[in-house]
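Student: Could you take me through one part of this model slowly? I would like to see how the pieces around it fit together.

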Amino acid sequence: MEILIAKGAGFCFGVKRAIDIAFAMADKKQEGIYTFGPVIHNPQVVEKLREKGIAPTDDICKDDIKVLIIRTHGIPLDLMEGASKSGYEIVDATCPFVTKAQHYAKLLNDDGYQVIILGDRDHPEVRGLMSYAGDDALVIDGKEELPELKSRVGIVVQTTQPVDGLKRLMGKVIERSREIKVYNTICNSTALRLKETEEMAGEVDVMVVVGGKNSANTTQLANLCAARPVRTHHIETAEELRPEWFDGAGKVGITAGASTPDWIIDEVKERIKDIGGEQGDGT
Ligand code: SF4
């Protein structure tokens, strides 16, 4: 059984940056360092940070905060302003691409556009974007019908959305509004990862997608594979792998979300080798 590993699997630029910031803070061994929410959507990395004394919190007013690290996905403006007034140090690990999307949401609102955010309304990045987008902003997940819109509409996109969703949304909005302005804030790393995973899923018998179950982009990779005729398994760690998943398989593909560390991908690869796999040349 040949094992292929997606070249782009694992940490993206923004996640690597946030992790480097958090672990550098941990090395200071100072008390009272917190991340606002999980710094990235990977429970194993969050646990490693906890072991080093950095815990996630949702409470910016917590008494013992000395340093607050802002997560990769950013936080809503009012919370950022509240934290800034609290007197403790703020270390901003928001991915610069997310910061850029926040900037565009604000710009569109300031210019009088009704802002539409294409994304998952429960995702922290989208909740953050909403806070910059004005009172008449809407979050659209791409599946529902659009409500009545204003005549001037501006669009920004959660960085991990697929570009096809943006194209569909633009097609729908143009039927309802006189003017649309679009900032394509989809992150390149996401688009490449999706493309590479799609190609891999077309040439293997089993796809193993590695990453947090709470990670939007890992779940998106798993859904993409599951919609194709390939046996797909979304796991967080190597312990979840089952030998019977690979019965009769000639090729297995491994891909991983942007918040999945290399050490977990390596463990998954080694476990599949134990089950009977042999590493191929990759994709
Ligand atoms: S996927 Fe893109 S936008 Fe999201 S954290 Fe990584 S680099 Fe930043």
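Student: Where does Asp-64 lie?

Tutor: Happy to help! This is a predicted model, in which local features need pLDDT of at least 70 and side-chain atom pairs count only at pLDDT 80 or more, while totals for chains, interfaces and linings use all residues. Residues are numbered from 1 along each chain as its sequence is written, and side-chain values use heavy atoms, with hydrogens and water left out.

Asp-64 sits in the loop between β3 (55–57) and β4 (67–70). Helices (H or I, at least four residues) and strands (E, at least two) are DSSP runs, numbered from the N terminus. With a relative accessible area of 35%, Asp-64 is partly exposed, because that label covers everything between buried (under 20%) and exposed (over 50%), using a 1.4 Å probe and protein chains only. The areas themselves come from the Shrake-Rupley method with a 1.4 Å probe, and for residues only the protein chains shown count as cover.

Asp-64 also has company: together with Glu-31, Asp-58, Asp-59 and Asp-63, Asp-64 forms a negative surface patch. Patch members have over 30% relative accessible area and no salt bridge; like charges are joined within 9 Å, and nonpolar side chains (Val, Leu, Ile, Met, Phe, Trp, Tyr) within 5 Å. Asp and Glu count as negative, Lys and Arg as positive, and His and the chain ends are not counted. Each charge is placed at NZ of Lys, CZ of Arg, CG of Asp or CD of Glu.

Now follow the loop into β4. Val-67 and Ile-69 point one way from this strand, Leu-68 and Ile-70 point the other way, and all are buried. Strands of a sheet pair through backbone hydrogen bonds, either parallel or antiparallel. Here two strands count as paired if DSSP finds at least two bridges between them. Strand β2 (residues 33–36) pairs with β4 in the parallel sense over four bridges, and Ile-33 has Val-67 as its bridge partner. β4 is also joined by four bridges to strand β5 (residues 89–92), again running parallel, with Leu-68 standing opposite Ile-90.

Let's compare the charges in that patch with charges that do find a partner. A salt bridge is a side-chain nitrogen of Lys or Arg within 4 Å of a carboxyl oxygen of Asp or Glu, and the whole structure holds 13 of them. One of these joins Lys-16 to Asp-20, whose closest N and O atoms are 2.9 Å apart. Both residues lie in helix α1, four residues apart, about one turn of the helix. Lys-16 is partly exposed at 45% relative accessible area, and Asp-20 is partly exposed at 41%.

Helix α1 (residues 13–27) also contains Gly-14, which is buried, with a relative accessible area of 3%. The C-alpha atoms of Gly-14 and Val-98 are separated by 8.9 Å, although the two are 84 residues apart along the chain.

A further salt bridge connects Lys-150 and Asp-136, with 2.8 Å between the closest N and O atoms. This pair links distant parts of the chain, 14 residues apart: Lys-150 is in the loop between β7 (138–140) and β8 (152–157), and Asp-136 is in the loop between α5 (124–130) and β7. Lys-150 is partly exposed at 47% relative accessible area, and Asp-136 also counts as partly exposed, at 24%.
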